[in-house]
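Colleague: Could we go through this model together? I would like to begin with the interior and then turn to a pocket and a helix.

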Amino acid sequence: MFRELEGVPEGIRYDIVVIGSGAAGMAAALFAAIEGRKVLLVERTEYVGGTSALSAGTTWIPNSHHSASVNAGDSREKAGKFLDGVVGNHAPVALREAFLDSGPEAVATLESNSEVKFRPYTIHPDYEQQFEGATLRGRALEPLPFDGRALGADLDRIRPPIPEFTIFGGMMVDRTDIGHLLALRSSWRSFAHAVKILSHYAGDRLNGRRGSRLVMGKALIGRLLASLNARRVEILLRTEVQDLITENGAVTGAVFTSDKILRRVVAAQGVMLAAGGFNHHPRRRGELLPAVEIHSHTAPGHTGAMQDIALKLGALLGQGNLDSAFWAPVSIRRRANGSIASFPHFVMDRSKPGTVCVDQTGQRFVNESCSYHLFARAMFEHNKITPCIPCFIITDAVGLRKYGLGMVRMGTSNLAPYIADGYLTVGTDIAELAGRIGVPQANLEKTIAAMNNYAETGIDTEFGRGTTTYHRVNGDASVGPNPTLGPIETPPYYAVRLYPGDIGAATGLVVNEWAQVTRADGQAITGLYACGNEANSIMGGTYPGPGITIGPAIVFAYRAVRHALGEA
């Protein structure tokens with residue numbers, strides 16, 4: 001239920017006040033509303049959703065009631081051992097234990113009391129398959145698609161999709177949809193699915209709406225918003241926090257501003273910070289991230305302003321993380337309106353047969369099929385020795401047609417705009433491509449020859465591409481002997497520049513197992529909680545699997561509400 005700050009009475013009392021409207025903030029507000037509490041949700045931008053709305057919406061929570069349907073053999077012990085192996089001492093064990101304890105109950109509470117619904121995929125593996133306890137399925141949940149028409153005019157309150165992630169000028173699709181669209185000529189089931197979603201989108205366009213069938217992160221945010229509206233939770237947009245109100249060291253409320261209007265609001269049982277973290281902080285970004293060209297793929301509201309306020313109250317930022325942010329390689333292109341598009345290369349091209357990634361000497365430096373976080377980490381590390389930012393992802397005519405390359409979608413026939421603005425570089429042979437991207441010809445020819453040999457044998461002797469299930473799942477199962485390796489031999493040849501991109505904050509406010517913000521002495525600041533990327537990552541800056549930001553965000557929102565309401 002959206003309202004303006006002007007209509008909020010001075011000194012009004014709420015049970016819970018939540019700052020930030022990504023998955024963490026909306027979940028916190030919903031958990032409190034489910035308990036019948038009076039809740040205020042506050043967002044500084046004009047849209048709800050934060051970076052969660054721009055994401056795949058994957059939610060990593062082991063051993064939910066969905067797990068048994070695809071992985072009956074999983075257990076809390078296996079998940080714990082896996083996290084211990086990946087995270088190690090980068091984050092407190094107590095936080096992982098709390099996460100594993102409350103995860104299943106948090107999912108069940110949402111699904112039993114709201115529109116939020118998840119599904120597991122038959123195959124959706126943890127990223128770090130080499131660690132004991134890793135699984136291929138069951139821990140990563142995805143939100144069911146949601147018909148945004150149920151939101152009415154509030155559909156336009158959700159952060160719009162990234163244009164480059166849509167098709168036909170605004171139609172959102174997830175990986176299930178993509179599979180059906182690619183198979184619509186060979187499968188009646190896929191044909192029926194394609195007709196259904198295309199008809200829905202056609203109806204949207206005829207009625208002058210943006211695409212209303214919400215998938216991935218949009219579906220999660222849409223479902224959360226519908227659930228909040230059903231419980232008449234008050235939501236303020238374009239409203240900033242001027243300060244937190246304290247009494248005897250405890251946080252008891254907040255001061256809000258919007259269009260020169262100022263209101264003091266009482267939070268009787270707690271203030272929950274979920275504003276997304278520091279990614280656009282004018283100073284902290286430079287302090288915490290490597291001093292190279294990095295493009296942020298996070299929503300603009302993540303300014304770190306709430307962290308600044310909390311630090312003045314004695315809070316502190318986490319130490320000991322492997323990284324201060326979560327990473328992905330991104331490619332950059334200027335849009336017609338002058339804005340910059342940042343496209344993350346998650347799995348759609350790097351792991352596919354017929355591709356290779358090279359540094360500025362024309363040589364490989366990483367297993368291209370590793371997770372996007374590890375790929376970008378490798379860029380940082382390698383760049384210390386050999387120029388690697390940007391690096392290049394390369395394919396041939398067959399690879400480009402079958403799999404696409406970044407913003408150039410598979411099957412694109414008109415490549416001229418991408419070539420004209422420099423996004424896509426083309427060469428009639430490897431020598432010409434090497435000259436145009438500025439790498440030594442001999443090195444690049446040697447690299448391509450080696451990749452062609454690996455494609456024939458199925459064995460990458462340099463980096464082990466395709467040696468784990470995670471690698472192979474993201475390849476092309478129709479290609480053998482290794483689904484991640486294919487020849488690069490059909491001219492012309494193409495390259496796209498890749499840069500490291502931050503997709504979320506890992507370093508944040510230190511919290512305890514109930515999401516209470518703590519001081520340097522370990523004591524909690526009464527009445528103040530943090531969850532999502534506002535809090536220091538329970539993964540310690542590592543990236544064990546898909547959805548390891550949204551999963552803990554929802555679970556610690558649940559634990560924060562339980563504690564604030566005295567149920568801990």
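Modeller: Certainly. One term is needed beforehand: contact means heavy atoms within 4.5 Å. Please also keep in mind that this is a predicted model.

Colleague: Understood. Which residues does Met272 touch, leaving out those up to four places away in sequence?

Modeller: Met272 touches Ile16, Val17, Val18 and Ile19, then Ala28, and further along the chain Tyr529, Ala560, Val561 and Ala564.

Colleague: And how many residues are in the largest nonpolar core?

Modeller: That core has 81 residues, and Met272 is listed with Phe31, Val48 and Phe99 as having the most contacts inside it. Helix α1 (residues 23-34) supplies the largest share of this core, eleven residues. There is also a second, separate core of 35 residues, with Leu289, Cys391, Met407 and Leu415 among them.

Colleague: Changing topic: what is the volume of the second largest pocket?

Modeller: The second largest pocket holds about 350 Å³ of space. Its lining has 16 residues, and Leu54, Ile162, Thr298, Arg335 and Ile340 are the closest to its centre.

Colleague: Which element gives the largest share of that lining?

Modeller: Strand β17 does, with three residues. By type, the lining comprises nine nonpolar, five polar and two charged residues.

Colleague: Lastly, helix α16: is it mostly covered or mostly uncovered?

Modeller: Mostly covered, as 14 of the 15 residues of α16 are buried.

Colleague: What span should α16 have, and what does the model give?

Modeller: At 1.5 Å a residue, α16 (residues 550-564) should span 21 Å, and its end C-alpha atoms are 21 Å apart, so the two agree. Just after α16, Gly566 adopts a positive phi of about 80°.

How values were computed. Residues numbered from 1 in each chain as written. Predicted model: local features only at pLDDT ≥ 70, side-chain atom pairs only at ≥ 80, totals over all residues. Heavy atoms only, no water. 1 Å grid on protein atoms, 1.4 Å probe; cavity = no way out; pocket = protein on both sides within 12 Å on 5 of 7 lines; lining within 4 Å. Points joined across faces, edges and corners; volume = space filled by probe spheres on them. Helix = DSSP H or I, 4+ residues; strand = E, 2+ residues; numbered from the N terminus. Nonpolar A, V, L, I, M, F, W, Y, C, P; charged D, E, K, R; others polar. Core = buried A, V, L, I, M, F, W, Y, C linked by side-chain atoms within 4.5 Å. Buried < 20%, exposed > 50% of the residue type's maximum accessible area, 1.4 Å probe, protein only. Expected span 1.5 Å × (residues − 1).
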